[in-house]
Amino acid sequence: MAASRQPQAGELLAEARRAFREEFGAEPELAVSAPGRVNLIGEHTDYNQGLVLPMALELLTVLVGSPRADGLVSLLTTSEDADEPRRLQFPLPTAQRSLEPGTPRWANYVKGVIQHYPAAPLPGFSAVVVSSVPLGGGLSSSASLEVATYTFLQQLCPDSGAVAARAQVCQRAEHSFAGVPCGIMDQLIALLGQKGHALLIDCRSLETSLVPLSDPKLAVLITNSNVRHSLGSSEYPLRRRQCEEVARALGKESLREVQLEELEVEEALKAVTNPRFYLQLPQKELEASLPHLRLPPTVLEPWFPLPHVCRGPEALGGKSADPLSSSAGRELVSKEGYRRARHVVGEIRRTAQAAAALSRGDYRAFGRLMVESHHSLRDDYEVSCPELDQLVEAALSAPGVYGSRMTGGGFGGCTVTLLEASTASQAMQHIQEQYSGTATFYLSQAADGAKVLHL
């Protein structure tokens, strides 16, 4: 079985030029491209200031266009999956009148980048968007369009910002115009991708490190479940809020600052400082435990006679087990919050280990970490779905596969599988036979980031 054939950059450019001529009656003067991405490991860690390990794909968004003198922006997309209308026109923003998100949704990503673009004055322009990045597939069609738009605007009105600042403008566009509180990973990899390499990104410092990924015996297989999701209306914003709440409860700026051991201690403390926990104990164990229970009397008064409270040695080797002792009024982490945080903290650790494994060519270790990541996303973060689980299980039972996991925001979209290149066709056949739906397969090498194309 063969992977889905995707048009090359030259073919996309030819399609875009043809559409531009038909729509605007002239040849475009400028052309740019920006890639989609697949995240090999490090899921839902970027907005927690963690580590991620994506690679840029050969799937591209191409944008062609020309400046115009009337202060208007006229856009057309050729994507059949984009919402209607597929063509629209609007004036550039001014100091008195900002752009606002609206319909069609696909154009909000372009509007957001225009609104937040730092250089001036921007001229109006006409443009056509053509893309091979599947919409809603978890391969970051949105950041691909944002970065293509930014790169196009640079040709109209050059900016002076660093790459990180450009990524942040595109991120801000997605936050404010698409309503998705995404991290910085997608925009950075679309800008900084390099052929033959994955990119380890520290989303706290924005430092990046290239990790070689060019072994011809290795293949990266992306399997689209063709279950479509929309992060803006899914539970993505809820997950982000849950992570922020846990970090605040632990007195941290983000979950990047939390160690797995701290979470485990917090979970243990929550159990042993809950009076209901002690009511389940036999009488003899209850009496032995009460002197060690270091909670304020007002908490325990409804449950136990006061003479038993707050006596005896302090718990945990002389340290108070009172959860309020380190920061007054600190909330205890909920069971659900604990699971969300356990995924993030563990995933940051897995990503560092995976980058090291890939650097030394230990594909089996990398694959094991991918599987651990998927199980954590499924069980702790709860962003997988039956279709993604089915695709991962099918891949893991195929010959030559090192590891597989869901990739992207979740609730549909794609899986990513690392496998021996010689077994790719057999693996795709096996996965499709085991999958209850209809999958689409992409085999991609690690590709370059955004480019200016020559016409």
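Biologist: What phi does G25 take just after helix 1?
Modeller: In this predicted model, G25 takes a positive phi of about 70° just after helix 1. Helices here are DSSP runs of H or I with at least four residues, strands are runs of E with at least two, and both are numbered from the N terminus. Residues are numbered from 1 along each chain as its sequence is written, local features need pLDDT of at least 70, side-chain atom pairs count only at pLDDT 80 or more, totals for chains, interfaces and linings use all residues, and side-chain values use heavy atoms, without hydrogens and water.

Biologist: Which residues of helix 1 are buried?
Modeller: L12, L13, A16, A19 and F20 are buried, meaning under 20% relative accessible area with a 1.4 Å probe, protein chains only. They lie on the same side of helix 1, because they cover an arc of only 130° around the axis, taken from the directions from the helix axis to the C-beta atoms.

Biologist: Why would residues some places apart point the same way?
Modeller: An α-helix has 3.6 residues a turn, so residues three or four places apart point the same way.

Biologist: Changing topic, what is the strand order in the open sheet of four strands?
Modeller: The order is 9-10-8-11, with antiparallel pairing; two strands pair if DSSP finds at least two bridges between them. Strand 9 (401–407) and strand 11 (440–443) each have a single partner strand, so one side of each has no neighbour in the sheet.

Biologist: How many bridges join strand 8 to strand 11?
Modeller: Four bridges join strand 8 (residues 218–224) to strand 11, and N224 stands opposite T440 in strand 11.

Notes
Buried means under 20% relative accessible area, exposed over 50%, partly exposed in between (1.4 Å probe, protein chains only).
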